[in-house]
Structure formats: structure tokens, C-alpha cells
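Visitor: Please give me a close look at a single part of this model. I would also like to know how that part sits in the rest of the chain.

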Amino acid sequence: MANFDPLDLPIESVAGEAGLDAERMQEEWLRRRFTETRPWTPEINVEQQMRQSAGTPRPAAVLMPIVLRAEGPTLLFTQRTADLKDHAGQISFPGGRTELSDVSPIDTALRETEEEIGLARRHVEVIGSLPEYFTGTGYRVTPVAGLIRPPFNMVPDPREVAEIFEVPLAFLMDGMNHQRRTIELPNDLGRRTFYTMPYERFFIWGATAGMLRNLFHFLRS
């Protein structure tokens, strides 16, 4: 996708689904949902469809870290440094590309999380994963969900991570906070619509917002 600032684009619409019931954001319910096989449909956008048919994507994995705070669960994110090759300055889940030494997407997600933010894997209870997500930069990403119980320590890698922050899960699992924006691409490349989820001074969009939409669909099914 061409370079552009998504903040410059107007909000085209809001997804608008009702927020997730509080019960479905509790520790035991989350753990149980990832063991069930009830049907649900991931949301696949045009960009993902194009990428799935555009050659062999590079495998990667991210951790969706659900922090079990006393005041309610949150999701932990990183803001990437401004000089990275891919997704510079964007909001991301901790994670990255698969290495030959990784035995599974879970191993990739936990290793990359430890390398990026210094969160030891002993603090993460992996409860499951979501379907692969194809990014505009050519990655096939497995989102791995994990529960994290405070206290825990983090030491961000300054080469990759500019900031670590948390967003209430209740905010992210509410369709009223899921905005759609559209860009007209040059050279007859058509229109691309994507989700944005602004929270305070942070602007979540792109693949991260797309994976959050799938988490939302999964938990509300």
C-alpha cells in the first residue's frame, strides 16, 4: 500500500456492533472460549485477499497479551520506533518473523515478545490462537493469545520499541470504537478500506486493528 497518513483520512463509518458482555472478558471465560470449536467467521479484507494470492508470504507470529488487571483486563501493545523498515512508528502487538529455530508460531510469538519487550515467557499463559492474518507487507501472521498476571517486568529493546502501553479490553471489544477509513490509491490501484481504533494519544490501525476485529468476532460468537 502506498505511503500515507491514516490520520488525514476522514472516518467513513463505524462498525457499530454492541460491546462484548463483561462476562466474556473474564479470565475463566476467555480460557474456556479458546478450547471451544463453535463456528465463527474471520473478517477478511481486500488487502488480505490480494496478499494471499501474491506469492509466498513470510511466516510470522504476534502475541496478543491480555493483562489481568484488577480493574479489568487490558491488551498490551508496542509503538514501533520510527526508523524500522516495516510498520515504522505504528502500533503493534509484540512479535515478528519466524526463525528456523522456532518450533511453532507460539514459540515465535513468545521468543519475539521476550526479545522486543523483555517479557519472559514464564509470565505468559498461552490460551490459543486465531486464524492467520495476511499483511500488506507480505507476512502471514499467526496471532497467539496469552494471559498475563501482574506483577511482571519488561525491558523494551530501544532499537525496535519506542513505547509500551495498555488499552482496556472493554474499549477494544466494542464495535462503536471500530472506525472505517478509505484511501484512493494512485495508478488505478483502487480503493482500500481499513479499520482504525484511536485510543487517547495512540492510533491503532492496519493489521493490528484487523486482528483485533477478528478477536472481537471470535469472542462474541
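**A close look at R213**

Guide: Leaving out residues up to four places away in sequence, R213 touches A15, E17, E43, H178, Y195 and M197; contact here means heavy atoms within 4.5 Å. This is a predicted model, in which local features need pLDDT of at least 70 and side-chain atom pairs count only at pLDDT 80 or more, while totals for chains, interfaces and linings use all residues. Residues are numbered from 1 along each chain as its sequence is written, and side-chain values use heavy atoms, with hydrogens and water left out.

R213 belongs to helix α5, which spans residues 206-220. Helices (H or I, at least four residues) and strands (E, at least two) are DSSP runs, numbered from the N terminus. Is R213 buried or exposed? R213 counts as buried because its relative accessibility is 2%. The cut-offs are under 20% relative accessible area for buried and over 50% for exposed, with partly exposed in between (1.4 Å probe, protein chains only).

One of the contacts of R213 is E43, and these two residues form a salt bridge whose closest N and O atoms are 3.1 Å apart. The term stands for a side-chain nitrogen of Lys or Arg within 4 Å of a carboxyl oxygen of Asp or Glu. Side chains of opposite charge can pair when their charged atoms come close. The R213 and E43 pair links distant parts of the chain, 170 residues apart: R213 is in helix α5, and E43 is in the loop between α1 and α2 (46-52). E43 is partly exposed because its relative accessible area is 24%.

Now the surroundings of the helix. Helix α5 lies across β11 and β12 and runs at about 70 degrees to β12; such angles go from 0 to 180 degrees between N-to-C directions, with axes fitted to C-alpha atoms, for helices over the stretch in contact. Strand β11 (residues 191-199) runs antiparallel to β12, and 4 bridges join them. Within this pair, P198 stands opposite F203 in β12. Both strands belong to an open, antiparallel sheet of 4 strands in the order β1-β10-β11-β12. At its edges are β1 and β12 (202-205), each of which pairs on one side only. Two strands count as paired if DSSP finds at least two bridges between them.

At the other edge, strand β1 covers residues 13-14 and contains V14. V14 is partly exposed because its relative accessible area is 36%. Together with I11 and M176, V14 makes a nonpolar surface patch of about 270 Å². Patches take residues with over 30% relative accessible area and no salt bridge, joining like charges within 9 Å and nonpolar side chains (Val, Leu, Ile, Met, Phe, Trp, Tyr) within 5 Å.

Further along the chain, L20 is in the loop between β1 and α1 (27-33). Setting aside neighbours within four places in sequence, L20 is in contact with M25, M173, F216, L219 and R220. L20 is buried because its relative accessible area is 11%. The C-alpha atoms of L20 and G175 are 8.7 Å apart, although 155 residues separate them along the chain.

The salt bridge of R213 can be set beside others, since the structure holds 16 of them. R69 and E166 form one, with 2.6 Å between the closest N and O atoms. R69 is in the loop between β2 (58-67) and β3 (74-80), and E166 is in strand β9 (residues 161-168), so this pair ties together parts that are 97 residues apart in sequence. D157 and R159 form another, with closest N and O atoms 2.9 Å apart. D157 is buried because its relative accessible area is 10%, whereas R159 counts as exposed because its relative accessibility is 64%. In addition, E27, E28, R31, E125 and R149 are linked in a network of salt bridges.

Finally, the whole protein. The secondary structure comes to 5 helices and 12 strands. Of the 221 residues, 48% are buried. Among contacts between residues at least 6 apart in sequence, 69% join residues at least 24 apart. The accessible surface is about 11,000 Å², with 51% belonging to carbon and sulfur atoms; such areas come from the Shrake-Rupley method with a 1.4 Å probe, and for residues only the protein chains shown count as cover.
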